[in-house]
Amino acid sequence: MPTIQLQALRRYGYYALMDKNLKSKTYTDLLELVAAYEQKPFAAQYLFSFIQQKNAGHINDITPLSKTFRQQLIDDGFVIASMELLEKHDDTDGTVKFVLGLCNGTRIESVRLKDDDRNTLCISTQAGCRMGCKFCATGQLQFERNLTAAEIVDQVYMAEQSCGKINNVVYMGMGEPLDNFDAVMRSVKILNHEHGRNIGIRHITISTCGLPEEIKKLALSTVQPRLAVSLHAPDDTIRAKIMRIGSKYLLSEIMASLKIYQNTTGKRITIEYCMIDSINDKIEHAKALVKLLRPLKVNVNLIELNSFPGCRFEPADSRQIQAFANVLSDAGIETVIRFKRGRSIKAACGQLGATWLTQK
Ligand code: SF4
């Protein structure tokens, strides 16, 4: 861990440090901060662009700011803290997995996927997850904590050091993004800002397992990333069998919130559906899904289950997945079968944190 970060952690404690990390601040936050120090607004632009665009690692690297102001920030405990790259794993299919260390010793993972001109990073929002999906390795780990906005955006900056410019970000890694709503939305604002990485809002996707209240809150946000919803089941009985959260929120509640979201934003929603042998992969399930989705404008991604140590489910047969996809397509729903990527390095969908399950 960088010395400055360690010193600040010892001096201020973990939660205070989160607040003191300038990397977690949006452009608007920095405008307020510089005003409090009686500085002109352009100081906020220097702070933001040096941190979020030029990877400044220390306040003294922001040389256009006066020495006095820089020292004031340092004396008041502000830092620019980064994560540590612990491991990097490369799959032959071009997928790269990063294992990153947070300032309190916790580990998280993010995954780079390459398709022609699209350089996508799948990022994590929590260490562990409270949702307990039984087909997902992260769901079997103990929930440790929410990531800060700085820790979320830093995954992009760390990946760029070895993989080039990231131009597409999906919040589909470890954790439920809407369960860490504020930090996630701050990170979206930071990544999207013109003085930062300037990643187009249409190239940022938030994936949720379906938290109705937060979906409605997202509909009212000033920034509107794309939304993907992990349904994985056409009815509540099957959903509760494979997702702990399925017993808490009924599909009727989730669908009602998605209707509000779509009426407010006018945006198409992506539905994620993990194909599990003999659980949710039958033709009758596909027909029930068509009926469920009829009121919405959606496209569907079908994902073959990716196994992990202790997983009690098997992936659906590829012919079964194709037959399922045909039912959806015939009903006019745009459907894509997602190819398996990064399996050899345990970086595929549902596998993040899988290597730690055997180390417990
Ligand atoms: S699938 Fe997503 S929401 Fe479910 S346990 Fe895994 S990380 Fe959490």
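A residue counts as buried here if 20 or more other C-beta atoms lie within 10 Å of its own. Keep that in mind as you click around this predicted model.

**Stop 1: the whole chain.** Start zoomed out, with everything shown as a cartoon. By the cut-off above, 46% of the 360 residues of the protein are buried. Colour by secondary structure and you should find 13 helices and 12 strands. The radius of gyration is 21 Å, close to the 21 Å that the globule rule gives for 360 residues, so the protein is as compact as a globular protein of that length. Turn the C-alpha trace along its principal axes and it spans about 70 × 45 × 40 Å. Now think about who touches whom: among contacts with a separation of 6 or more, 69% are between residues 24 or more positions apart.

**Stop 2: the ligand.** Select the ligand and show what surrounds it. Which residues are around the ligand? Four cysteines are a handy way in: Cys129, Cys133, Cys136 and Cys209. Add Met131 and Met174, then Gly132, Gly139 and Gly175, and finish with Thr138 and Glu176. Colour this shell by residue class and you get six nonpolar residues, four polar ones and one charged.

**Stop 3: helix α8.** Next, select residues 212-219, which make up helix α8. Show side chains for Pro212, Ile215 and Leu218, which are buried. Look down the axis of α8: its buried residues fall within an arc of 120°, so they line one face of the helix. What do the buried residues of α8 pack against? Bring up strands β8 (204-208) and β9 (226-230), plus helix α10 (251-265), and you have the packing partners.

**Stop 4: two residues with positive phi.** Most residues other than glycine have a negative phi. Here are two that go the other way.

Go to glutamate 38, in the loop between α3 (27-36) and α4 (42-52). Its phi is positive, about 55°, although glutamate 38 is not a glycine. Is glutamate 38 buried or exposed? Glutamate 38 is exposed, because 8 other C-beta atoms lie within 10 Å and the limit for that class is 12 or fewer.

Then jump to serine 278, in the loop between β10 (269-275) and α11 (283-293). Phi of serine 278 is positive too, near 60°. With 11 other C-beta atoms within 10 Å, serine 278 is also exposed.

Key
Residues numbered from 1 in each chain as written. Predicted model: local features only at pLDDT ≥ 70, side-chain atom pairs only at ≥ 80, totals over all residues. Near = placed C-beta within 6 Å. Nonpolar A, V, L, I, M, F, W, Y, C, P; charged D, E, K, R; others polar. Helix = DSSP H or I, 4+ residues; strand = E, 2+ residues; numbered from the N terminus. Rg over C-alpha atoms; globule rule 2.2 N^0.38 Å. Contact = placed C-beta atoms within 7 Å. Arc of directions from axis to C-beta.
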